[in-house]
Amino acid sequence: TDRLSLGGEFQSYGDDGGVDPGNGVKNGIYGNFSDTSPWAAYASFMVDPDKYEVGVRYETLDDQYDASAVTVGLNAYLAGHDLMWQFNYSQVSSDRSDQDGGAVGIGLTVHI
């Protein structure tokens with residue numbers, strides 16, 4: 001819509017163990033997601049049109065540790081999408097407490 005954005009993503013990995021049938025070699029990280037269906041849903045809102053946007057995202061890996069993450073962020077548009085700051089905070093949780101934690105991200109987008 002005008003100021004609100006909603007979206008989602010879904011991926012389904014088969015139960016072949018992430019193995020390439022041609023040579024029997026595991027396909028990188030995809031072997032770790034055998035027989036899973038990770039998904040994400042997100043929303044954002046332009047608080048001040050063309051200046052500030054806030055967003056939130058929930059994602060789950062549907063992996064063996066039931067890992068999920070919640071991310072909140074702020075985009076500050078200085079010159080539309082050609083020049084903008086991005087600030088994000090993500091909180092990750094799983095059945096393994098040693099994989100829980102948070103992360104802060106700061107980015108600058110410059111389109112030339």
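Start by selecting D50, which sits in the loop between β2 and β3. You are looking at a predicted model, so every value on this tour is computed from it. D50 is exposed, with a relative accessible area of 61%. Now look at the backbone here: D50 is not a glycine, yet its phi is positive, at about 65 degrees.

**A second loop with a positive phi**

Next, select D66, in the loop between β3 and β4. Phi of D66 is near 55 degrees, again a positive value in a residue other than glycine. Is D66 buried, exposed or partly exposed? With a relative accessible area of 44%, D66 is partly exposed, because that value falls between the 20% limit for buried and the 50% limit for exposed.

Stay in this loop and select A67, which is also found between β3 and β4. A67 counts as buried at 9% relative accessibility. What surrounds A67, once residues up to four places away in sequence are set aside? Show E59, T60, L61, D62, S93 and S94 to see the residues that A67 touches. To follow one of these pairs, draw a line from the C-alpha atom of A67 to that of S93: the two are 26 residues apart along the chain, and the line spans 5.7 Å.

**The whole chain**

Zoom out and switch to a cartoon view. How many helices and strands does the protein have? There are 0 helices and 6 strands, so the pattern along the sequence reads β-β-β-β-β-β, counting strands from the N terminus. The protein has 112 residues, and 21% of them count as buried.

Now turn on a surface. The protein exposes about 7,600 Å², with carbon and sulfur atoms supplying 55% of that area. Contacts can be viewed by their separation in sequence too: of those with a separation of 6 or more, 35% join residues 24 or more positions apart.

**Strand β1 and its partners**

For some of these long-range pairs, select L6, in strand β1. L6 is exposed, with a relative accessible area of 65%. Leaving aside neighbours within four places in sequence, L6 is in contact with Y42 and A43. Add A41 to the view as well: L6 and A41 are 35 residues apart in sequence, and their C-alpha atoms are 7.8 Å apart in space.

Move along to G8, which lies in strand β1. Which residues is G8 in contact with, neighbours within four places in sequence left aside? They are A40, A41 and Y42. For a pair further apart in sequence, select E59: 51 residues separate G8 and E59 along the chain, and the distance between their C-alpha atoms is 9.3 Å.

**Into the loop after β1**

Select T36, in the loop between β1 (4–10) and β2. T36 is buried, with a relative accessible area of 5%. Around T36, show Q11, S12, Y13, L61, D62 and D63, which T36 touches when residues up to four places away in sequence are not counted. Then add Q64, 28 residues from T36 along the chain, with 8.9 Å between the C-alpha atoms of the two.

**The largest pocket**

For the last part of the tour, select S44, in strand β2. S44 counts as buried at 14% relative accessibility. Show side chains here: that of S44 makes a polar contact with the side chain of E53, at 2.8 Å. E53 is also among the residues that S44 touches, along with R3, L4, S5, V54 and G55, not counting residues up to four places away in sequence.

S44 leads you to the largest pocket, where S44, G55, V56, N75 and N88 lie nearest the centre of a lining of 16 residues. The volume of this pocket is about 280 Å³. Which strands each supply at least two residues of the lining? Colour β2 (39–48), β3 (52–60), β4 (68–77) and β5 (83–93) to see them. Finish by colouring the lining by residue type: 6 of its residues are nonpolar, 8 are polar and 2 are charged.

Key: Residues numbered from 1 in each chain as written. Predicted model: local features only at pLDDT ≥ 70, side-chain atom pairs only at ≥ 80, totals over all residues. Heavy atoms only, no water. Helix = DSSP H or I, 4+ residues; strand = E, 2+ residues; numbered from the N terminus. Buried < 20%, exposed > 50% of the residue type's maximum accessible area, 1.4 Å probe, protein only. Contact = heavy atoms within 4.5 Å. Areas by Shrake-Rupley, 256 points an atom, 1.4 Å probe, with all protein chains shown as cover. 1 Å grid on protein atoms, 1.4 Å probe; cavity = no way out; pocket = protein on both sides within 12 Å on 5 of 7 lines; lining within 4 Å. Points joined across faces, edges and corners; volume = space filled by probe spheres on them. Nonpolar A, V, L, I, M, F, W, Y, C, P; charged D, E, K, R; others polar. Polar contact = N/O pair within 3.5 Å; in protein donor to acceptor, adjacent residues only side chain to side chain.
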